Amino acid sequence: MFGATEAIGDAWSWLVLSDAIIDDTRRFDAFQNRLGIARSTLSARLASLCTHGLMVQDGRDYLLTKAGTDFLMCVMTAMAWGDRWYTDGVNVPMRVDHVGCAAHIRGELRCKACAEQIDARDVAFNRRPEALAPRSDATQRRRTPGLDLLQRPRPSSIAATLQIIGDYWSPLIIRELFYGTKRFDDFQGRLGIATNILSQRLQRLVEHGIVDKHAYQLRPPRHDYQLTDKGLDLYPVPLSMLAWGDRWLSTGKPPVRLTHVRCGKRLSPILTCNKCTHPITHEDVTFSHRS
């Protein structure tokens, strides 16, 4: 997942990929007009996506590669979570139709081995990822995108999710929470993150209801952090990122083996239709914006 975070980048890169996947946007000016993104920022994000193999430039067009198109799983899980927590579930900003069963759907993750829907509580891991080396000052201070600006062009459930995970550090903190990290010093040691940045990100996750903060010591004051039900429900998004990274960035053996406890098999998540439960790819779905 660290590799996926590095390759994909921040919220603006997510939205560029989402727009290419959902609306087949290809031209620089079209991305800029649709997303309301600064031209210099867009230029940098497109260049980075090309460098990391998610897009290629063909004349004036920016085209998705196979790796970029495969990011559909991440886009649809982010959309589904945003729909659940930031809409009434009926008047959602984007309608998704499954060509196979002709139903209005949302994407969900199922275990490839047993076809059961994946719940964070039913997943075990063989070991934690290795701790990250401390990042350079330049990396520590990398600019956080204006997350409050993501909804500016039009309402978007993906943008709502990105207001939680759309900076560099938050998805890595959430990853650690799912691996059982609870205490401030442990987050800092495992991520190599500056203490002031860690404090800001944890507080933001608390404010958004993703994490609860509990005092376990009064003198001096010490707290641990645990995922709420809302935070646990976010699991398909980092799991999608991890699965994408395993497919496209790992050289051979993935760094962490996940097991689906309910069936005892190695967990390989697949994107499926929530109505008919059949696997879906980009060719199996159509998207339409609600006016």
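The structure, a predicted model, holds 0 disulfides, a disulfide being a pair of cysteine sulfur atoms within 2.5 Å. Cys-50 is in no disulfide, and the nearest cysteine sulfur, that of Cys-74, is 18 Å away. Cys-50 is partly exposed, at 24% relative accessibility, whereas Cys-111 is buried, at 0%; buried means under 20% relative accessible area, exposed over 50%, and partly exposed in between, with a 1.4 Å probe and protein chains only. For Cys-111, the closest cysteine sulfur is in Cys-114, at 3.8 Å, which is too far for a bond.

Turning to the interior, the largest nonpolar core has 81 residues. Such a core is a set of buried Ala, Val, Leu, Ile, Met, Phe, Trp, Tyr and Cys residues joined through side-chain atoms within 4.5 Å. Helix H2 (residues 11–23) gives the most to this core, with 9 residues; helices are DSSP runs of H or I, at least four residues, numbered from the N terminus. Leu-258 is among the residues with the most contacts inside the core, as are Trp-14 and Trp-244.

Ser-170 lies in helix H9 (residues 170–178) and is buried, with a relative accessible area of 1%. Leaving aside neighbours within four places in sequence, Ser-170 is in contact (heavy atoms within 4.5 Å) with Ile-164, Ile-165 and Arg-201.

Residues are numbered from 1 along each chain as its sequence is written, and side-chain values use heavy atoms, with hydrogens and water left out. In this predicted model, local features need pLDDT of at least 70 and side-chain atom pairs count only at pLDDT 80 or more, while totals for chains, interfaces and linings use all residues.

Note on methods
Helix = DSSP H or I, 4+ residues; strand = E, 2+ residues; numbered from the N terminus.
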